[in-house]
Amino acid sequence: MLYQVDRNKYYHSDFIKDLQKRNPEFHSILDKESGIYPILGEFGRFVIENLDNEIITHKAFSFMNDVLEIDGSAIEHAIC
C-alpha cells in the first residue's frame with residue numbers, strides 16, 4: 001500500500017473491508033458500525049490464538065505492516 005490514501009476514509013470504511021479481504025480466516029462477531037477499535041481488539045485476539053499457524057500469522061502481520069505505512073500514529077493510538 002505504498003500509495004496515497006485518504007486516511008480518514010480508510011479508517012472509517014475501507015479498513016474493515018481490507019482487513020476481511022486480506023485475512024479471510026478472521027470472522028468478527030461485531031458489525032462494521034461497532035467501529036474499528038473493538039474489531040481491532042478481536043483481530044488481536046485472533047492473531048494471538050493462531051500464532052502457531054504460519055499462514056494466518058504471515059497474513060496478519062503483513063496487513064498490520066501495510067496499515068502502519070498508511071498512518072502509524074493512528075494504529076499506535078488504537079493499540080495503546
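1. On the outward side of α2, opposite its buried residues, Arg45, Ile48 and Glu49 are exposed, where exposed means over 50% relative accessible area, buried under 20%, and partly exposed in between (1.4 Å probe, protein chains only). The model is a predicted one, in which local features need pLDDT of at least 70 and side-chain atom pairs count only at pLDDT 80 or more, while totals for chains, interfaces and linings use all residues. Residues are numbered from 1 along each chain as its sequence is written, and side-chain values use heavy atoms, with hydrogens and water left out.

2. The buried residues of α2 are Ile36, Ile39, Glu42, Phe43, Phe46 and Val47. They cover an arc of only 140° around the axis, which puts them on the same side of α2; the arc is that of the directions from the helix axis to the C-beta atoms. Helices here are DSSP runs (H or I, at least four residues; strands are E, at least two), numbered from the N terminus.

3. The length of α2 is as expected, because its 14 residues at 1.5 Å a residue should span 20 Å and its end C-alpha atoms are 20 Å apart, the expected span being 1.5 Å times one less than the number of residues.

4. The structure holds five aromatic pairs, counted when the ring centres of Phe, Tyr and Trp (its six-membered ring) lie within 6.5 Å, with planes under 30 degrees apart called stacked, over 60 edge-to-face and the rest tilted. Phe26 and Phe46 form a tilted pair, at 5.4 Å centre to centre and 55° between the planes. Since Phe26 lies in the loop between α1 (7-22) and α2 (36-49) and Phe46 in α2, this pair ties together parts that are 20 residues apart in sequence.

5. Phe43 and Phe63 form an edge-to-face pair, at 6.0 Å and 85°, and because Phe43 lies in α2 and Phe63 in α3 (residues 54-79), the pair ties together parts 20 residues apart in sequence. Phe43 counts as buried at 2% relative accessibility, and Phe63 is buried with a relative accessible area of 2%. Ring pairs link Phe15, Phe26, Phe43, Phe46 and Phe63 into a cluster.

6. Of the 13 residues in the largest nonpolar core (buried Ala, Val, Leu, Ile, Met, Phe, Trp, Tyr and Cys joined through side-chain atoms within 4.5 Å), Phe15, Leu19, Phe26, Phe43, Phe46 and Phe63 touch the most other members. The elements giving two or more residues to this core are α1, α2 and α3, and the largest share, five residues, comes from α2.
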